[in-house]
Amino acid sequence: MPPYNTKLNSYTTSIDVKLRLYLTMTDVNVSNRQVRLKLKIQGHGINVQSVDFVTGAPFIFLNGGIQQQLTNIDLAPYFQLNNLVGINPQQYNQPLPDGTYKICWEVYDFLTGQRISDPNMGCSNILLLLNDPPLLNVPNRGAQLTDIKPTNIIFQWTPRHANATNVSYEFELREIWDTQIDPQAGFLASSPYHTETTFSTTLLYNISKPQLYPGRTYAWRVQAKSTTGLSENSVFRNNGYSEIYYFKYTNTCYPPTYRLAEPLNTGRVKISWQTHPDHNKYHIQYRKVSYTQETDKQREKREQKNKKRSKKGQKEKGYTSKKENHEWFEVFSYNNQTQIGNLQAGITYEFRVGGSCDALTDQNHYYTYSTPNQFTMPKADETVSYSCGIVPEIDIANTNPLGNLGINETFTAGDFPVTVKEIQGSKGVFSGKGFIVVPYLADTKIAVEFSRIKINTDYQLYDGVVKTTYDPNWSSVESVDDIIDEVFGGDNDSGITDGNTRNDNSNLDENANDQNNSGNTSSNTDDNTNVDNIGNNDSNTTDTNITNSYTDTSNNTDSSNTGTNTSSSGNNSSNTGNTEVVIVYENKNYNDGDVIEVEYHEEKPHFALLLKNYPKDATFNWQVLKGGTDNTSAYATNETMHDNLGIDMKKTHILDVVVNYNDKKIQVTIKRKSKEFKLLELYALHNQKRLAKSGETLYLINPPSLTKDVKTVKYGLHIDPKLELNLMPPSSIEWSYDGESQYFSTAKTNVTRSLEESDNIITTSVNAGNPNALEKSVDVEWVDEYKETKSYANKIKNFLKFFKVVNEVSDVASTVMPCQADFFKNFDKKIIFKWINFNREDNISRHILETKRFQFEAAADNIIELKCGKRLAVSVFGYSLGLGEIYAQLGAGLNVSILKDEIFYHEGNQFKEKKILSNGGIKVKGEVGLTIGGGVKDDEGNLIVGVVGGGKINITGGGKIEYPYKGNKHEILGRLYINPLMYAFTATVKLGPLDKDFTCSDILWNIRKVKEVIYNMETDEFRD
């Protein structure tokens, strides 16, 4: 009966039924016939059979037509070693090899020894399969676990059996006393520390189990057991025992942080991490990540169940893939990086890095591991980039969803603080983009994106994955400084200082033709496609000049005749033979239909053409046509005796030039080919770092004023590649302000607008790029400045007036009592208690920030002062003669400051951040003094004549609370202090001409003490 035991000896000891043999005597006339059995086992090189007479075998009697049943309990002697031949003791005690075996039972007559069973019956084929023991997962072999209270250690393993039933696991933990031997040997030599049986593949070791002690080494293993009833099935290799894993239990050894993976190519990856001063060695593990796929059989079964659910009105279920358990591979390193090769392109891997704090001389090293990170190897056609695949920490207990998350806020994903640049979502579920900063890569910023991740109220990622993204321009992580340097560094500002339209025609007002040049006239008309026509006689709008620029090539040998347009009846460019007529440009011949291509340069607009090899005595007629038109277009002609033509194409990119000679013609095309570039982004900059890009709105604050406010905004283009301006034709960059086009004689990648306060949105647009232009625009919106204040300080001051009455009563009482008390003296002069709502421009972004502020400040040197003493004096002739005074006094001061800001973006009223700055303290001072002497004093206590001296001892101390401590919203600083014990001696002498004060003070006892305690509200821990 399956599962089949693979050891023959297990059939001799089992008390549960594992085998049944049915015997039937077919001859109904036979009665009480004694028989004996024979067992044969064959397969995989094994041929075992029982002896003829089996010791201890039961007597078997058969009756005709009656079936008799025998089990393995009855047949146990047949499986004993002394009754078997063909097998040695070593084979007998070991599991049989995996495979198919034939087991046969033969029946013989007990007296005659004759076989009476049918040879074709009594045999069965069985498959023996040994299952692999469990695969241990965590803690990993050689791991280093930190003693964290309360103890919660997860032990986890993966089952690998295929045909075992009713499987349980016996977990065993032992302490390794001798750390100088192999931990596996030490495990076998140690006694069990804790054992436990479970049917789960995970065990939580908590405070209910024996305590683990830091500095000690422990090892563990798991044994899988398959049982039938009370008997154990022998179906596992190694008797079901797993490997032995060990770990070191330590006080503190932190795991490596900031893990990053950078694929170097399709088969190699570089893994780097942040080191720790206590680390001496690193262990890197990696493996494939894949998930199960639904098979056809599973799909068919699921669809059948869904049909039943549908009939019952229940919700249908889909297939849930499970993560497959691949084998870990390992690499060791002594540095903060390593490289791994022989990886598969397009495959996702996970890795983790362990750090060891053990000395390098130790025989065994134990590691504290990071949480796993993922990376995906690029395919052959993909670009490689950093990859970190940040997943949540597994021990985050807080799952309370964060209400809102603002731009430029930071949340923690694993070890990495993620700065948010784009955000959507609320109630703890967010999607967006941002960046992380890697400290050991010179604070390199790496772009990340996330979708529907979950963030708790501690700003921690507790569900979802933050993935790195590849951006060839790194636009999502560029700092403002980088953009300003790139776009506005080489400012070619047009110099516009107002918000109105400006047309720059400084280079357009040129004559199309030198009227003294033999009567040749030419001009061009407007061309909205940036190619100017030739032939319009309105020379004031012409930007293409035509002249005869070549020296006449006549037969005149006078070398001084070098001026242009010199006429001659002869021409050495003429041709009396069959040579083809060509047009020459820069010493190169061009035939009819050829194209003359010249790189565009703003300072090189002049072209000189020469007709060559034309028939002698030919007459000429030149036509300059807009590219792509026919001969009916407007044209310009030169005198017939000139075989050359000069053209000034300042704003023209393409022209057709036709030369008519006699009844023939030759035509070429001149193209000014400008360099290609594409527009990446349009930016608007205000006040150095207030940057907006296309599709965004730059907000300007409008303070209250009798006149309209004016602010300067710079606009700049980010183009690729970055070109010199004289290589870009003006038509490749077209600016428009509020829908009205701006015209410049040269290309402008930066312009400046002085924008006047307006209720309307101000739009600046650009259409740029070659050959494909792209249009982008940036809006500017004015927002009225406001400030609303509600103060309640006067109400508190009115309440404190009550203490003035108390102080007056105390003054009167001091005349008859030795003590006087003052409460909140001058305290009402230092109180701020108000709510303020205001808006302002964010200095580092395009936004207007709406702030709701609560502010409370209160300060007093003495909120209470108590002085007690006795003054001795006698009155002589109406004057008071002081004899001495002894006194003691105690005072306490207070200083409190609380500032709470809730900040929102004006755009969409989106929450940005909350800031709380608070600190407070109390100061206590005590003083004991003695005054002695004699003299005459007036009624106000001033010494007229005499000697008065005294001394005092004072001490001060106090406490202070600061929240948040160093910006950490989870921590509060508490500080207590005592200043040194001070003494002071003073004396005043007024005797005749002697009138002098003496003063002396110093430290009596330097007992200065300062105690600072930091309380972490998240972990409920105190630290110094």
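Guide: Helices here are DSSP runs of H or I with at least four residues, numbered from the N terminus. The model is predicted.

Visitor: What makes residues 296-311 a helix, and where does Lys297 lie?

Guide: Lys297 lies in helix H4, which covers residues 296-311. A run needs at least four residues to count as a helix. The chain has 6 helices and 63 strands.

Visitor: Why is Lys297 called exposed?

Guide: Exposed means over 50% relative accessible area. Lys297 has 71%, so Lys297 counts as exposed.

Visitor: Which residues gather in a patch of positive charge with Lys297?

Guide: Lys301, Lys305, Lys307, Lys308, Lys311, Lys312 and Lys317 join Lys297 in that surface patch.

Visitor: What makes the patch positive?

Guide: Lys counts as positive, so a patch built from these lysines is one of positive charge.

Visitor: How do you know that Asp132 and Arg237 form a salt bridge?

Guide: The cut-off is 4 Å between a side-chain nitrogen of Lys or Arg and a carboxyl oxygen of Asp or Glu. For Asp132 and Arg237, the N to O distance is 3.0 Å, so the pair is a salt bridge. Asp132 sits in strand S9, and Arg237 sits in the loop between strands S16 and S17, so the pair ties together parts 105 residues apart in sequence.

Visitor: Why is Asp132 called partly exposed?

Guide: Partly exposed lies between the limits of 20% and 50%. Asp132 has a relative accessible area of 29%, so Asp132 fits. Arg237 is partly exposed too, at 33%.

Visitor: What makes Arg287 and Glu350 a salt bridge?

Guide: Their side chains meet at 2.7 Å, N to O, and the limit is 4 Å, so the pair qualifies. Arg287 is in strand S20 and Glu350 in strand S23, 63 residues apart.

Visitor: Are Arg287 and Glu350 buried or exposed?

Guide: Buried means under 20%. Arg287 has 11%, so Arg287 is buried. Glu350 has 3%, so Glu350 is buried as well.

Visitor: Why do Arg302 and Glu294 fall into separate classes?

Guide: The limit for buried is 20%. Glu294 has 17%, so Glu294 is buried. Arg302 has 22%, so Arg302 is partly exposed. Their side chains meet in a salt bridge of 2.7 Å, N to O. Elsewhere, salt bridges that share partners join Lys40, Glu106 and Arg115 into one network.

Visitor: How many salt bridges are there by this rule?

Guide: The count comes to 22.

Definitions and conventions:
Residues are numbered from 1 along each chain as its sequence is written. This is a predicted model: local features need pLDDT of at least 70, side-chain atom pairs count only at pLDDT 80 or more; totals for chains, interfaces and linings use all residues. Side-chain values use heavy atoms; hydrogens and water are left out. Patches are made of residues with over 30% relative accessible area and no salt bridge: like charges are joined within 9 Å, nonpolar side chains (Val, Leu, Ile, Met, Phe, Trp, Tyr) within 5 Å. Accessible areas come from the Shrake-Rupley method with a 1.4 Å probe; for residues, only the protein chains shown count as cover. The place of a charge is taken as NZ of Lys, CZ of Arg, CG of Asp or CD of Glu. Helices (H or I, at least four residues) and strands (E, at least two) are DSSP runs, numbered from the N terminus. Buried means under 20% relative accessible area, exposed over 50%, partly exposed in between (1.4 Å probe, protein chains only).
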